[in-house]
Amino acid sequence: MQQNPALLDTTHEATCLTNCSACHAADLSGAMIVGANKIPLPGLPLNDKQWKFGGKPMEIFKLINEGSPPESTGHNGAKMQAWGQTLNPKQIAEVTAYLIAKLPEDVKYIPAN
Ligand code: HEC
């Protein structure tokens with residue numbers, strides 16, 4: 001897939017770093033390295049190609065916009081809030097695109113169906 005440089009615009013990165021890195025880490029790994037220890041953060045890794053709630057762009061968008069679905073039991077009991085109250089739809093679309101653009105090359109392809 002061609003990489004659109006606009007998807008890696010630094011403002012999208014900033015939106016993600018400001019709002020998401022506390023739980024998902026700046027490198028999106030969901031963990032923080034402290035000395036020799038890898039400490040898991042509350043959120044799931046976002047760079048592992050595992051999408052608990054679906055990996056299609058609209059599914060990722062919906063999860064960010066609406067938060068964990070009611071049927072989710074959470075990740076170690078932690079659920080994600082609905083970001084639709086904090087971020088506007090354009091920002092959520094940009095963050096979604098940013099997450100997809102940050103996936104390792106070999107996992108970036110997402111079927112369109
Ligand atoms: C307070 C902690 C916290 C913050 C801040 C947070 N998340 Fe989450 N996120 C979580 C948790 C916990 C889950 C797992 C939810 C579940 O299992 O129900 C999650 C899940 C996700 C998932 C699904 C991951 C997967 O593997 O399926 C995405 C995508 C996501 N978050 C994106 C974001 C984005 C984008 C932001 C910033 C706008 C953000 N998160 C901020 C805690 C957080």
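**Notebook: ligand shell, core and helix crossing**

I started with the ligand, and α1 turned out to give the most to the shell around it, with six residues. For the record, I am working with a predicted model here.

**Ligand shell.** I pulled up everything around the ligand and got 26 residues. The closest are C20, C23, K52, S68 and M80. Next I looked up which elements give two or more residues to that shell, and those are α1 (10–24) and α2 (57–66). I then sorted the shell by class: 16 residues are nonpolar, eight are polar and two are charged.

**Overall layout.** I went back to the chain as a whole. I found three helices and two strands, and along the sequence they follow the pattern α-β-β-α-α. Burial came next: 14% of the 113 residues count as buried. I also checked the contacts with a separation of 6 or more, and 45% of those in the chain come from residues 24 or more positions apart.

**Nonpolar core.** Which residues make up the largest nonpolar core? I listed 10: C16, C20, L46, I60, L63, I64, I92, V95, Y98 and L99. At least two residues of this core come from each of α1, α2 and α3 (89–102). I noted that α3 has the largest share, with four residues. C20 caught my eye, since it is listed in this core and is also among the closest residues to the ligand.

**I60.** I picked one core residue to follow up. I60 sits in helix α2. Is it buried or exposed? I60 has 22 other C-beta atoms within 10 Å, and the cut-off for buried is 20 or more, so I60 is buried. Setting aside neighbours within four places in sequence, I have I60 touching W51, G55, T96 and L99. For T96 I also took the C-alpha separation from I60: 6.5 Å, with the two positions 36 residues apart along the chain.

**I64.** I did the same for I64, another member of the core list. Leaving out residues up to four places away in sequence, I64 touches W83, I92, V95 and T96. T96 thus turns up in the contacts of I64 and in those of I60.

**α1 against α3.** I wanted the geometry of this pair. Two packed helices are described by the angle between their axes and the distance between the axes. The axes of α1 and α3 come within 9 Å and cross at roughly 95 degrees. Angles of 65 to 115 degrees count as roughly perpendicular, so that is how I logged α1 and α3. On the α1 side of the contact I wrote down H12, E13, T15 and C16, which meet Q91, E94, V95, A97 and Y98 in α3. By class, this contact has four nonpolar, three polar and two charged residues. C16, V95 and Y98 appear in the core list as well.

**G67.** Last lookup: where is G67 found? I located G67 in the loop between α2 and α3. I counted 16 other C-beta atoms within 10 Å of G67, which makes it partly exposed. Skipping its neighbours within four places in sequence, G67 is in contact with K79, M80, Q81 and A82. M80 had already come up as one of the closest residues to the ligand. I also took the C-alpha to C-alpha distance from G67 to W83: 6.6 Å in space, for 16 residues apart in sequence. W83 is a residue I had already met among the contacts of I64.

How values were computed
Residues numbered from 1 in each chain as written. Predicted model: local features only at pLDDT ≥ 70, side-chain atom pairs only at ≥ 80, totals over all residues. Near = placed C-beta within 6 Å. Nonpolar A, V, L, I, M, F, W, Y, C, P; charged D, E, K, R; others polar. Buried ≥ 20, exposed ≤ 12 C-beta atoms within 10 Å, placed from the backbone. Contact = placed C-beta atoms within 7 Å. Core = buried A, V, L, I, M, F, W, Y, C linked by C-beta atoms within 7 Å. Axes fitted to C-alpha atoms, helices over the stretch in contact; angles between N-to-C directions. Parallel < 35°, antiparallel > 145°, perpendicular 65-115°, else oblique.
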